[in-house]
Amino acid sequence: MIVRNIESLRGTEKEVKTKNWSSTRLLLHNDDMGFSFHETVLHPDTETKIWYKNHLEAVYCIEGVGEIEEDSGRKHNISPGTIYALNKHDRHMLRAFSKMRMICVFNPALVGPETHDQEGVYPLLTTGEKNV
Ligand code: 9YT
């Protein structure tokens with residue numbers, strides 16, 4: 001069994017920070033769950049271009065408001081209780097109108113240090129050191 005508190009991950013390599021968001025990665029590839037599980041905090045008034053061409057992601061909002069815009073231009077409001085699932089590796093734009101807190105699940109699991117490239121893609125990493 002794995003039992004972990006997010007506070008124990010603050011300031012470690014499992015808290016990945018970028019200009020628009022920070023992601024605390026509670027479960028990763030080497031936890032052998034078949035998915036990774038993160039808490040992502042989106043900074044207010046940010047716009048992030050994302051395309052998980054190598055991964056599937058589900059995102060559940062627990063705090064804040066924003067929107068997701070599909071490539072087609074279709075927009076969806078996001079508020080606490082909203083989940084979206086990128087089941088078609090959908091390219092999208094994610095806008096945070098306030099601080100947002102999201103619970104995110106990735107399949108395949110992230111290894112740990114992934115951040116977006118210019119296209120909003122995460123590389124497909126497959127190895128990592130065993131987590132403690
Ligand atoms: C919602 C989203 O994809 N934000 C970018 C960060 C990502 N959720 C992650 O790596 O935790």
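This passage describes the fold, the nonpolar core and selected backbone features of a predicted protein model.

The overall architecture is considered first. The protein contains 10 strands and 0 helices. Read from the N terminus, its elements accordingly follow the order β-β-β-β-β-β-β-β-β-β. The C-alpha atoms occupy a box of roughly 40 × 30 × 25 Å along the principal axes. For a chain of 132 residues, a compact globule would be expected to have a radius of gyration near 14 Å, and the value of 14 Å found for the protein agrees with this expectation. Of the contacts between residues at least 6 apart in sequence, 64% link residues that are at least 24 apart.

The surface and the interior were then examined. Buried residues account for 42% of the 132 residues. The exposed area of the protein is about 7400 Å², of which carbon and sulfur atoms contribute 53%. With regard to charge, 16 positive and 19 negative side chains are present, and the centres of these two sets are 1 Å apart.

In soluble globular proteins, nonpolar side chains tend to be buried together. In the present model, the largest nonpolar core comprises 20 residues, and L42, I78, Y84, L94, M100 and M102 are those with the most contacts inside it. Two or more residues of this core are supplied by each of strand 5, strand 9 (92-96) and strand 10 (100-107). The largest share, 4 residues, is provided by strand 10.

M100 illustrates how parts of the chain that are distant in sequence meet. Leaving aside residues up to four places away in sequence, M100 is in contact with T40, V41, L42, C61, E63, G64, V65, G66, I78 and R95. Two of these partners, L42 and I78, are also listed with M100 among the core residues with the most contacts inside the core.

C61, another partner of M100, was examined in more detail. This residue belongs to strand 5, which spans residues 56-63. Because its relative accessible area is 1%, and the limit for a buried residue is under 20%, C61 is classed as buried. Beyond its neighbours up to four places away in sequence, C61 touches I78, S79, P80, G81, T82, M100, R101 and M102. The C-alpha atoms of C61 and R95 are separated by 13 Å, with the two residues 34 positions apart along the chain.

Several backbone features lie in the segments outside the strands. In the loop that connects strand 3 (36-42) to strand 4 (46-50), D45 is found. Its phi angle is near 60°, a positive value in a residue other than glycine. D45 counts as exposed because its relative accessibility is 65%, the limit for this class being over 50%. A second case occurs in the loop between strand 8 (83-85) and strand 9, where H89 is located. The phi angle of H89 is near 55° and is likewise positive in a residue other than glycine. With a relative accessible area of 30%, H89 is partly exposed.

A further feature concerns the peptide bond between N107 and P108, which is cis, with an omega of about -5°. P108 itself is placed in the segment after strand 10, whereas N107 is the last residue in the range 100-107 given for that strand.

Technical notes: Residues are numbered from 1 along each chain as its sequence is written. This is a predicted model: local features need pLDDT of at least 70, side-chain atom pairs count only at pLDDT 80 or more; totals for chains, interfaces and linings use all residues. Side-chain values use heavy atoms; hydrogens and water are left out. Buried means under 20% relative accessible area, exposed over 50%, partly exposed in between (1.4 Å probe, protein chains only). Contact means heavy atoms within 4.5 Å. The radius of gyration is taken over C-alpha atoms; the globule rule is 2.2 Å times the number of residues to the power 0.38. Accessible areas come from the Shrake-Rupley method with a 1.4 Å probe; for residues, only the protein chains shown count as cover. Lys and Arg count as positive and Asp and Glu as negative; His and the chain ends are not counted. The place of a charge is taken as NZ of Lys, CZ of Arg, CG of Asp or CD of Glu. A nonpolar core is a set of buried Ala, Val, Leu, Ile, Met, Phe, Trp, Tyr and Cys residues joined through side-chain atoms within 4.5 Å.
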